[in-house]
Amino acid sequence: VQLQASGGGLAQDGGSLRLSCAASEGTFSTYGMGWFRQAPGKEREFVSAISWSGGSTYVAESVKGRFTISRDNAKNTVSLQMNSLKPEDTAVYYCAAGRRYSSYVGDFGDESRVRYWGQGTLVTVSS
């Protein structure tokens with residue numbers, strides 16, 4: 001599965017951006033999907049995940065209440081709506097595909113469970 005992330009850019013403190021990740025093939029709908037991010041000089045960290053059906057989601061504490069993950073299996077896309085952005089949200093954001101047919105995504109933050117990575121899209125939040 002090839003993943004193409006888009007939607008990154010420059011936002012103001014308190015602003016919003018919407019990231020999208022498009023998959024190359026129809027089996028997309030069978031994969032749990034998620035987002036990670038890597039800030040300059042820091043390790044990559046988990047942001048959010050959604051189960052293959054969309055019925056379960058999991059969000060990191062650092063973005064809870066501000067970021068919302070969703071997916072459209074008919075369009076082979078997963079999105080991350082980011083509101084109330086902060087300068088500390090500045091990072092390269094990566095979409096990822098995990099296990100197939102798993103309704104549980106609470107362990108998506110374990111990168112060993114990621115099967116496919118997208119190329120990353122840069123989000124910069126200015127203060």
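**Exercise 1. Determine whether the partners of the salt bridge between arginine 113 and aspartate 107 are buried, partly exposed or exposed.**

Solution. The side chains of arginine 113 and aspartate 107 meet in a salt bridge, with 2.9 Å from N to O, in what is a predicted model. The classes to apply are buried for under 20% relative accessible area, exposed for over 50%, and partly exposed in between. Arginine 113 has a relative accessibility of 34% and therefore counts as partly exposed. Aspartate 107, at 18%, counts as buried.

**Exercise 2. Apply the same classes to the salt bridge between lysine 64 and glutamate 61.**

Solution. Begin with the contact itself, in which the side chains of lysine 64 and glutamate 61 meet at 2.8 Å, N to O. Lysine 64 has a relative accessible area of 48%, so this residue is partly exposed. Glutamate 61 reaches 62% relative accessibility and therefore counts as exposed.

**Exercise 3. Locate the salt bridge between arginine 37 and aspartate 89 in the chain, and place the pair in its network.**

Solution. The first step is the distance, which is 2.9 Å from N to O between the side chains of arginine 37 and aspartate 89. The pair links distant parts of the chain, since arginine 37 lies in strand β4 (residues 31-38) and aspartate 89 in the loop between β8 (77-82) and β9 (91-100), with their positions 52 residues apart in the numbering. Both arginine 37 and aspartate 89 are buried. The last step is to look beyond the pair: a network of salt bridges links Arg37, Glu45, Arg66 and Asp89. For the protein, the count of salt bridges comes to eight.

**Exercise 4. Work out the strand order of the sheet that holds β1 and β7, and describe its pairings.**

Solution. Start from the inventory, which lists eleven strands and zero helices in the protein. Four of the strands form an open sheet in the order β1-β3-β8-β7, with antiparallel pairing. Its edge strands are β1 (3-6) and β7 (67-72), each of which pairs on one side only. From one strand to the next, the twist averages 15 degrees.

Next, follow the pairing at either edge. Four bridges join β1 to β3 (residues 17-23), and these two strands run antiparallel; glutamine 4 has alanine 22 in β3 as its bridge partner. β7 and β8 pair in the antiparallel sense over six bridges, and arginine 71 stands opposite valine 78 in β8. β7 and β8 also form a hairpin with four residues between them, and asparagine 76 in the turn has a positive phi of about 55 degrees.

**Exercise 5. Which side chains of β7 are buried, and which are not?**

Solution. Read along the strand, the side chains of β7 alternate between two faces. Phe67, Ile69 and Arg71 point to one face and are buried. Thr68, Ser70 and Asp72 point to the other face and are not buried.

**Exercise 6. Test the overall dimensions of the protein against the rule for a compact globule.**

Solution. A compact globule of 127 residues would have a radius of gyration near 14 Å, and the protein has 13 Å, so the value agrees with the rule. The C-alpha atoms fill a box of roughly 40 × 25 × 25 Å along the principal axes. Buried residues make up 45% of the 127 residues. Among contacts between residues at least 6 apart in sequence, 61% join residues at least 24 apart. The accessible surface comes to about 6200 Å², of which 46% belongs to carbon and sulfur atoms.

Notes
Residues are numbered from 1 along each chain as its sequence is written. This is a predicted model: local features need pLDDT of at least 70, side-chain atom pairs count only at pLDDT 80 or more; totals for chains, interfaces and linings use all residues. Side-chain values use heavy atoms; hydrogens and water are left out. Two strands pair if DSSP finds at least two bridges between them. Axes are lines fitted to C-alpha atoms, for helices over the stretch in contact, and angles run from 0 to 180 degrees between N-to-C directions. The radius of gyration is taken over C-alpha atoms; the globule rule is 2.2 Å times the number of residues to the power 0.38. Buried means under 20% relative accessible area, exposed over 50%, partly exposed in between (1.4 Å probe, protein chains only). Contact means heavy atoms within 4.5 Å. Accessible areas come from the Shrake-Rupley method with a 1.4 Å probe; for residues, only the protein chains shown count as cover. A salt bridge is a side-chain nitrogen of Lys or Arg within 4 Å of a carboxyl oxygen of Asp or Glu.
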